[in-house]
Each structure stands twice: as C-alpha cells, then as structure tokens.
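I opened a fresh page for this one and kept my entries short. Here is what I looked up, in the order I went through it.

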Amino acid sequence: MSTPSTVPASLRDVRSLTFDLMGTCADYTTSLLNLFSNTDLPSSVNHELLIKKWRSGFFEMIFELHEKGQDKSVDEVHKIVLDRLLCEYGIGQEEFGEEERDRLVLGWHNQVAWPDAIKGIERLKTKFDCVVVANGTTRLQLDIISSSNLPFHTLFSSQLIGYTKPDPRMYQTSLELIGRKPNQTAMVAAHAYDLRAAKDIGMKTIYIQRDTEDPDEDMDIIRDQVDLFIDGRSSAGDKGGLMRLADSFGINCIT
C-alpha cells in the first residue's frame, strides 16, 4: 500500500526521471580524497581544496566551450584543469609526472554513491523510468555505475547523444529516446544550470541539494525556480536526497 504523494501538482504527470550523475547521485570527493592520499603531491597541498578548485574549474571550462560551440571529453577537460592548478601550485612535471596526473584524472571514473542514492533509486524505479542524462563518455558513466552500484535503468552520455548539456538538444534527444514529452519527464540534478536548461524545453525540474555542488548559487532563488527542492546534504544522512524524493512521490520502502 502506497502512501499519499506530497509532490506539487506540476509533477503529477511525470512518468520518467532523468538524472545527472556526478555530484547528484555519486560522491566524487570521498573517492578522490582516498586517491589523493596515495600520491606524491607535496604535503603543503590541501587535497580537499584542490578537489573543489578542480571541480569549479571543470565547470568554468565546460561553459566556456559551450559558448564557443566547441567540445572536449570530460577526461580532456579534467586533465587541462588539473595541469593548470598544479602549475598554480608551482608543481611541474618533474615533481609530479604524467603517469600520476593521468591516474588522478581516471580517479573521476571511480566514485561512491551518496548514502541515500542506491536505495532511493531502487524505490523510484518501481514507479518511473530512471535514466542518466549526463555529460561525459559512455565509458565514464559505465565506470561510475560499476564502482558506485547505482541501479539505473539505462545511461545516456553526451558522447552517445552527440551534444553536451546545457545544449537543449541533449535534453530533447533524451526525451525522444525514452518516448516521453517534456511535461512527462523531470530532470533531477544538483546543478541549477542543468535544471534551467531542462526547464527551457518544458521539462519538470527537481533540485537535489548536495554539499559539494553549486557553492555560488543562491538556494532561495533555486527553490523558486524548480518544481521540487530536496535536501540531500550530509546533515540529512541516508534519509535525505533521493530517499526523500521517493517519500515525496509516496513510494514505500522496498523490503
């Protein structure tokens, strides 16, 4: 017996959920910190701060490439941004070689799920198609899914679709592939830019707040822009995030 839904009326026609992957469902920070602890980086380098700068630099470059109509793989962007950051720290190839740099870039392929994500997705799958629509190669998505055990129905990478978010064609093509109209599909993401782009083509939007994402966004503004705002910060534990989203849709826990 299901419990009553508490989602707003705008989400009542939703039949499919498309998810951002990295940051929204998978926690890259924990995995990268473990990897960084086994490198020869100077002890003066704050690993957590470097990861934050790496992430923000990644988004800056993605947006810059989008504005120029250019495209690079996620691995390429991560490598370029890492090289820039290490240069800023005064770390050259002599101190930290190409093999070690490549190992850090590949570290983004190995991530753990947020505590609420696996069980939350399992519950949501009983009612919705649960599909990844995310930037990156299909190999990257397969590696993240394999390492994190996130149980999605299927994966759509920007490599596979041929466009990169926030290009509207990325969202439109994903809708064509799953046979849904925009009002029947909600984009689930921890990135406001992603949801704004999805909303522009008529999709519904669900924001999952994560500790690591959107540090420069005003959460009050985001609350007003999306159909549903969910707390998925670490303070909410394994009962927040996607578990709370399943609760909102009235989907009982799987026993």
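**Entry 1: helix α8.** Before listing anything, I fixed my terms: I call a residue buried when its relative accessible area is under 20%, and exposed when it is over 50%. I also reminded myself that this is a predicted model. With that cut-off in hand, I went to helix α8, residues 168–178, and found Met-170, Tyr-171, Thr-173, Ser-174, Leu-175 and Ile-178 buried. I then looked for what covers these buried residues, and the list includes β1, β4 (129–134), β5 (154–157), α7 (158–161), β6 and α9. Just after α8 comes Gly-179, and I noted its positive phi, near 70°.

**Entry 2: strand β6.** Since β6 turned up in the cover of α8, I went there next. How many of the residues of β6 are buried? I found five of five, over residues 185–189. Side chains in a regular strand alternate between the two faces of the sheet. I therefore sorted the strand by face, using that alternation. On one side I have Thr-185, Met-187 and Ala-189, on the other Ala-186 and Val-188, and both faces are covered.

**Entry 3: neighbours of β6.** Which strands pair with β6? One is β1 (residues 16–19), which runs parallel to β6 and is joined to it by four bridges. In that pairing I placed Ser-16 opposite Thr-185. Another is β7 (residues 204–209), also parallel, and again I read four bridges. Here Ala-186 faces Lys-204 across the pair. Between β6 and β7 I followed the chain through helix α9, residues 192–200, and the three form a right-handed β-α-β unit.

**Entry 4: the largest pocket.** Rolling a probe the size of a water molecule over the atoms shows where empty space is left. The largest pocket holds about 530 Å³ of space. I listed 22 lining residues, with Ser-56, Thr-212, Glu-213, Asp-214 and Pro-215 nearest the centre. The elements giving two or more residues to this lining are α1 (28–36), α2 (47–68) and α9. Of these, α2 gives the most, with eight residues. By class I noted eight nonpolar, four polar and 10 charged residues in the lining.

**Entry 5: the second largest pocket.** This one has a volume of about 200 Å³. Its lining includes Ile-62, Leu-65 and His-66, as well as Tyr-163, Thr-164 and Lys-165. I noted three nonpolar, five polar and four charged residues for this lining.

**Entry 6: backbone oddities.** Most residues other than glycine have a negative phi, and most peptide bonds are trans. I went looking for exceptions. Lys-165, from the lining of the second largest pocket, is joined to Pro-166 by a cis peptide bond, with omega about 15°. I placed Pro-166 in the loop between α7 and α8.

Asn-149 is not a glycine, yet has a positive phi of about 65°. I found Asn-149 in the loop between α6 (138–148) and β5. Is Asn-149 buried or exposed? At 54% relative accessibility, Asn-149 counts as exposed.

Asp-214 also has a positive phi, near 50°. I placed Asp-214 in the loop between β7 and α10 (219–225). Asp-214 has a relative accessible area of 15%, so I put it down as buried. I also cross-referenced Asp-214 to the largest pocket, where it is among the residues nearest the centre.

Technical notes. Residues are numbered from 1 along each chain as its sequence is written. This is a predicted model: local features need pLDDT of at least 70, side-chain atom pairs count only at pLDDT 80 or more; totals for chains, interfaces and linings use all residues. Side-chain values use heavy atoms; hydrogens and water are left out. Buried means under 20% relative accessible area, exposed over 50%, partly exposed in between (1.4 Å probe, protein chains only). Two strands pair if DSSP finds at least two bridges between them. A crossover is right-handed if, with the strands pointing away from the viewer, the path from the first strand over the helix to the second runs clockwise. Contact means heavy atoms within 4.5 Å. On a 1 Å grid over the protein atoms alone, a cavity is a set of points where a 1.4 Å probe fits but cannot get out, and a pocket is an open set with protein on both sides within 12 Å along at least five of seven lines; lining residues have an atom within 4 Å of a point. Grid points are joined across faces, edges and corners, and a volume is the space filled by probe spheres set on the points. Ala, Val, Leu, Ile, Met, Phe, Trp, Tyr, Cys and Pro count as nonpolar, Asp, Glu, Lys and Arg as charged, and the others, Gly among them, as polar.
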